[in-house]
Amino acid sequence: MTNPTLPLSAMGAPLMALRLFADRYRHLPAPCVSISTVYPNLLELSFHDDPEGFEMWRQALGIRRRTVRHSVHPGGRTAVMKAETNYSGGLVKLVGFTAIASPSEERSRAEDVS
């Protein structure tokens, strides 16, 4: 549950990181941004069907490729990549979501090509 009396200053680290990113990484693809009173020290940057954007941010933030965690959502339709780093006194989390083609979609595409 969120703390309704949490002051905005408690979110200083992720807000500062976001401000620095807006200046330093303005050329990178815009992610979905999330800052929450539930985790006031966390800045989450998410990428939907944009693995290249995820990778560009991973490299820019100096996150090692081997630390990226991969998983698949239940149902097997969405691949997920997650990576974290400390930045500006807080945690920055990158999350990438990519649709996985179903076997029938893959067959349909192959039939269209032939």
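Colleague: Let's begin with Asp23: buried, partly exposed or exposed?

Modeller: Good place to start, and remember that this is a predicted model. The relative accessible area of Asp23 is 37%. Buried would need under 20% and exposed over 50%, so a value of 37% makes Asp23 partly exposed.

Colleague: Which residue forms a salt bridge with Asp23 at 3.5 Å?

Modeller: A salt bridge calls for a Lys or Arg side-chain nitrogen within 4 Å of a carboxyl oxygen of Asp or Glu. The closest N and O atoms of this pair are 3.5 Å apart, so the pair meets that cut-off. The partner has a relative accessible area of 63% and is exposed. The residue you are after is Arg26.

Colleague: Which residue is linked with Asp23 and Arg26 in a network of salt bridges?

Modeller: Asp23 and Arg26 form a salt bridge with each other. They also belong to a network of salt bridges that takes in one more name, Arg19.

Colleague: How many salt bridges does the count come to?

Modeller: The bridge between Arg26 and Asp23 is one of them, and the pair Glu55 and Arg58 is another. With the 4 Å rule applied, the count comes to 5.

Colleague: Why are Glu55 and Arg58 separated by about one helical turn?

Modeller: These two residues form a salt bridge, with their closest N and O atoms 2.5 Å apart. Both sit in helix α2, which covers residues 51–60. Glu55 and Arg58 are about one helical turn apart because their separation in this helix is 3 residues.

Colleague: Arg58 has a relative accessible area of 6%: buried or exposed?

Modeller: Its salt-bridge partner Glu55 is partly exposed, at 22%. For Arg58 the figure is 6%, and the limit is under 20%, so Arg58 is buried.

Colleague: Leaving out residues up to four places away in sequence, which residues does Arg58 touch?

Modeller: Arg58 lies in helix α2. Beyond those sequence neighbours, Arg58 touches Ile63, Arg64, Arg65, Val68 and Leu94.

Colleague: How far apart are the closest N and O atoms in the salt bridge of Glu84 with Arg69?

Modeller: Glu84 is partly exposed at 36%, and Arg69 is partly exposed too, at 42%. Their closest N and O atoms lie at a distance of 3.8 Å.

Colleague: In which strands do Glu84 and Arg69 lie?

Modeller: This pair joins distant parts of the chain, with the two positions 15 residues apart in sequence numbering. Arg69 belongs to the strand of residues 69–72 and Glu84 to the strand of residues 78–87. In that order, the strands are β3 and β4.

Colleague: What is the distance in space between Pro14 and Asn41, C-alpha to C-alpha?

Modeller: Pro14 lies in helix α1 and counts as buried, at 2% relative accessibility. Asn41 is among the residues in contact with Pro14, as are Ile35 and Leu43. Pro14 and Asn41 are 27 residues apart in sequence, and their C-alpha distance is 6.0 Å.

Colleague: What is phi of Asp49?

Modeller: Asp49 is found in the loop between β2 and α2, and counts as exposed at 55% relative accessibility. Its phi is positive although the residue is not glycine, with a value near 55°.

Key
Residues are numbered from 1 along each chain as its sequence is written. This is a predicted model: local features need pLDDT of at least 70, side-chain atom pairs count only at pLDDT 80 or more; totals for chains, interfaces and linings use all residues. Side-chain values use heavy atoms; hydrogens and water are left out. Buried means under 20% relative accessible area, exposed over 50%, partly exposed in between (1.4 Å probe, protein chains only). Helices (H or I, at least four residues) and strands (E, at least two) are DSSP runs, numbered from the N terminus. Contact means heavy atoms within 4.5 Å.
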